[in-house]
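Me: Could you zoom in on one part of this structure and walk me through who touches whom, and how exposed they are? I'd like one connected story rather than a tour of everything.

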Amino acid sequence: MTDRWRNRRAAGLAGVLLLALATAGSVAAIPSQSDPQRWLVVRDVSATELARVPLPTSGRFGLRYRNSLYQSLAEEHFVVHDGELQLVWLSADELAVLEEYYAAAHATRAAAGAGRWWKASVDRPAIRLPLRIQATALGERTLLAGDREVELWRLVEGRADTRVTLSVER
């Protein structure tokens, strides 16, 4: 009689153990309220999530785009603070992009002989999140976060509406 129940007990114990492990795994996948990880989240106009990228612990990220007038690359670099974005520095292939578009005087070359210009200490008001972005193929807007690059314009390629929003979520 004990042999008859031994296999059922072992199977039952194995089932309970698997259930406990599965539950522990799914609880570990849910971020806790104290989890410091923040995410840069890109959504389309219908609020569908298109991309989720870890925000570096520094809170800094950038947006690169092709300037429509000069057809050259420019970058805006931000820091996230209290639900707002502060523009902290700019860079561009063309000095005119910084001086004319951003009215950022006194830009300097990134390195001797380099074609890139940059401007730190940009005096601009903070931007409330979410940030609204036109992600067109012409502008080739790209999110830069740590070592990750997300080509926002490719996420909405072929759509009539290329607007996206960028927010920061836990």
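Reply: Arg154 has a relative accessibility of 44%, so it counts as partly exposed, the bounds for that class being 20% and 50%. Keep in mind that this is a predicted model. The side chain of Arg154 meets that of Glu151 in a salt bridge, 2.7 Å from N to O. Glu151 comes out at 36% relative accessibility, and it therefore gets the partly exposed label too.

That bridge is one of 15 in the structure. Elsewhere, bridges with shared partners join Arg64, Glu75, Asp93, Arg116 and Glu149 into one network. Arg64 is a good place to get into it. With a relative accessible area of 17%, Arg64 is buried because the cut-off is 20%.

One partner of Arg64 is Glu75, and the closest N and O atoms of that pair are 3.9 Å apart. Glu75 sits in strand 4 and Arg64 in strand 3, so to speak a link between distant parts of the chain, 11 residues apart. Both of these residues are buried.

Arg64 also forms a salt bridge with Glu149, where the closest N and O atoms are 2.8 Å apart. Here the link reaches from strand 3 to strand 11 (residues 148-151), with 85 residues separating the two in sequence. Which end of this pair is buried, and which is exposed? Glu149 is the exposed one, at a relative accessible area of 54%, while Arg64, as above, is buried at 17%.

Now for the strands behind the Arg64 and Glu75 pair. Strand 3 and strand 4 run antiparallel to each other and pair over seven bridges. Arg66, for example, stands opposite Leu73 of strand 4. The two strands make a hairpin with six residues between them, and in the turn Gln71 has a positive phi of about 60°.

On to the next hairpin, which strand 4 makes with strand 5. Strand 5 covers residues 84-92, and its antiparallel pairing with strand 4 runs over eight bridges. Val80 has Leu85 as its bridge partner in strand 5. There are two residues between the strands of this hairpin, and Asp82 takes a positive phi near 50° there.

With strand 3 and strand 5 both paired to it, how covered is strand 4? Mostly: seven of its nine residues are buried.

An aromatic pair also bridges strand 3 and strand 4. A search of the whole structure turns up two such pairs. In the Phe61 and Phe78 pair, the ring centres are 5.5 Å apart and the planes meet at 25°, so it counts as stacked, the limit being under 30 degrees. Phe61 belongs to strand 3 (residues 60-66) and Phe78 to strand 4 (residues 73-81), so the stack ties together parts that are 17 residues apart in sequence. Both Phe61 and Phe78 are buried.

The other pair is Tyr101 with Tyr102: the centres are 4.8 Å apart and the planes stand at 90°, so this one is edge-to-face. Its two members differ in burial, though. Tyr101 is exposed because its relative accessibility is 56%, whereas Tyr102, at 5%, is buried.

Tyr102 leads us back to strand 4, where Glu76 is found. The side chains of Glu76 and Tyr102 make a polar contact at 2.7 Å. Why does Glu76 count as buried? Because its relative accessibility is 13%, under the 20% cut-off. Leaving aside neighbours within four places in sequence, the residues in contact with Glu76 include Phe61, Gly62, Leu63 and Tyr65, along with Leu87, Trp89, Leu90, Tyr102 and Arg141.

To set this corner in context, the chain has three helices and 12 strands. Of its 170 residues, 33% are buried. Among contacts with a separation of 6 or more, 53% join residues 24 or more positions apart.

Notes:
Residues are numbered from 1 along each chain as its sequence is written. This is a predicted model: local features need pLDDT of at least 70, side-chain atom pairs count only at pLDDT 80 or more; totals for chains, interfaces and linings use all residues. Side-chain values use heavy atoms; hydrogens and water are left out. Rings of Phe, Tyr and Trp (its six-membered ring) pair if their centres lie within 6.5 Å; planes under 30 degrees apart count as stacked, over 60 as edge-to-face and the rest as tilted. Helices (H or I, at least four residues) and strands (E, at least two) are DSSP runs, numbered from the N terminus. Buried means under 20% relative accessible area, exposed over 50%, partly exposed in between (1.4 Å probe, protein chains only). A polar contact is a pair of N or O atoms within 3.5 Å; within protein, one must be able to donate a hydrogen and the other to accept it, and residues adjacent in sequence count only if both atoms are side-chain atoms. Contact means heavy atoms within 4.5 Å. A salt bridge is a side-chain nitrogen of Lys or Arg within 4 Å of a carboxyl oxygen of Asp or Glu. Two strands pair if DSSP finds at least two bridges between them.
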